[in-house]
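Please find below my notes on the model you sent, set out as numbered points. I begin with one residue and then turn to a helix, a chain segment and the overall picture.

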Amino acid sequence: MTTVAMSPDARVTQGRVILSEWIKLRSLRSTLFALLAAVVLTVGLGVLITGLRANDFNQNGPPGPHFDATLVSLRGIYLSQLPVGVLGVLVITGEYATGMIRATLAAVPRRLPVLWAKALVFAVVVFVVGGIASLLAFVGGQAMLSGAGIHVGLGSPGAARAVLGGALYLTVVGLLGVGLGFLIRNTAGAIATLFGLLLVLPAIANALPSSLYNDVFRYLPMIAGTQAMTTVRDPSLLTPWRGIGVFALYAVVAIGAGAVGLQRRDA
């Protein structure tokens, strides 16, 4: 019997798995479309909303002391989170739908390196794109507000952190989608669950008695996470860093559950 020795260069390493996932991600047409949509929504809506607010202030007078000029320019992120979250789901469920996941796991039989690689590559791409979009939305929005004399700069208290918070928020949304994709393995089911967590839970919380509402509402995924984009503190909600931390825990739980499912279930 002849034994074939495997060359050291043929070993499966985490670095090579990461490179493979990067090639897959950038070769998907949905990646370009989803990220482009996220940038257009973040910047376009941010500039549009701040322009409308600036026009209103010019006609009716300056805003009150609780007006958050930075958050207004980042409002587009509330909508751009949708294509980012959907893309996070699709990069996982797309492989399950086509059966490509079997080839992937055959090449990486330990399985978990695939999850870590997908999550890392996706997080880095979304953070970079989200950071650029957040900065452009901030700059464009403040240009609109400058006519009303209520604009702020990156050096203003909390402004740079809020712009960074916009990128972090989009990144966590995407990772939540990745985790749900591995956990549920069905595109429609994972997207419905993602939107339910982000958009439906706040509506349900509004129906709670006031004694429960204040304790529950602040910890909901979107409510907690978006505090990272604020510069004017609402004492009834979490602080920016605590809020994004709570939101990140949702993503960690989803990815952890997805990792367990990846290990225990057949592809």
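Which residues does T226 touch, not counting residues up to four places away in sequence?

1. In this predicted model, T226 touches Y78 and Y169 once residues up to four places away in sequence are set aside. T226 belongs to the loop that runs between helix 10 (221-225) and helix 11, and its side chain reaches the backbone oxygen of I223 at 3.3 Å. With a relative accessible area of 4%, T226 is buried, the cut-off for that label being under 20%.

2. Helix 5 (residues 100-107) deserves a closer reading, and its buried residues are I101, T104 and L105. Seen down the axis of helix 5, these buried residues fall within an arc of 90 degrees, so they line one face of the helix. As a general matter, an α-helix has 3.6 residues a turn, so residues three or four places apart point the same way.

3. The other side of helix 5 should be read together with that face: turned away from the buried side are the exposed residues R102, A103 and A106. The cover over the buried residues of helix 5 includes helix 1 (14-27) and helix 4 (77-98), as well as helix 6 (112-146) and helix 11 (240-264).

4. V12 sits in the segment before helix 1, and its C-alpha atom is separated by 6.8 Å from that of V108, although the two residues are 96 residues apart along the chain. Leaving aside neighbours within four places in sequence, V12 is in contact with V17, A107 and V108; of these partners, A107 falls within the residue range of helix 5, 100-107.

5. As for the protein as a whole, it contains 11 helices and 0 strands, and its C-alpha atoms fill a box of roughly 90 × 40 × 30 Å along the principal axes. Among the contacts with a separation of 6 or more, 77% are accounted for by residues 24 or more positions apart, and the pair V12 and V108, 96 residues apart along the chain, can be read against that background.

6. Turning to surface and charge, buried residues make up 44% of the 267 residues, while the accessible surface comes to about 13100 Å², of which 67% belongs to carbon and sulfur atoms. The protein carries 18 positive and 8 negative side chains, and the centres of these two sets lie 7 Å apart.

Methods. Residues numbered from 1 in each chain as written. Predicted model: local features only at pLDDT ≥ 70, side-chain atom pairs only at ≥ 80, totals over all residues. Heavy atoms only, no water. Helix = DSSP H or I, 4+ residues; strand = E, 2+ residues; numbered from the N terminus. Buried < 20%, exposed > 50% of the residue type's maximum accessible area, 1.4 Å probe, protein only. Contact = heavy atoms within 4.5 Å. Areas by Shrake-Rupley, 256 points an atom, 1.4 Å probe, with all protein chains shown as cover. Lys, Arg positive; Asp, Glu negative; His and termini not counted. Charge placed at Lys NZ, Arg CZ, Asp CG, Glu CD. Arc of directions from axis to C-beta. Polar contact = N/O pair within 3.5 Å; in protein donor to acceptor, adjacent residues only side chain to side chain.
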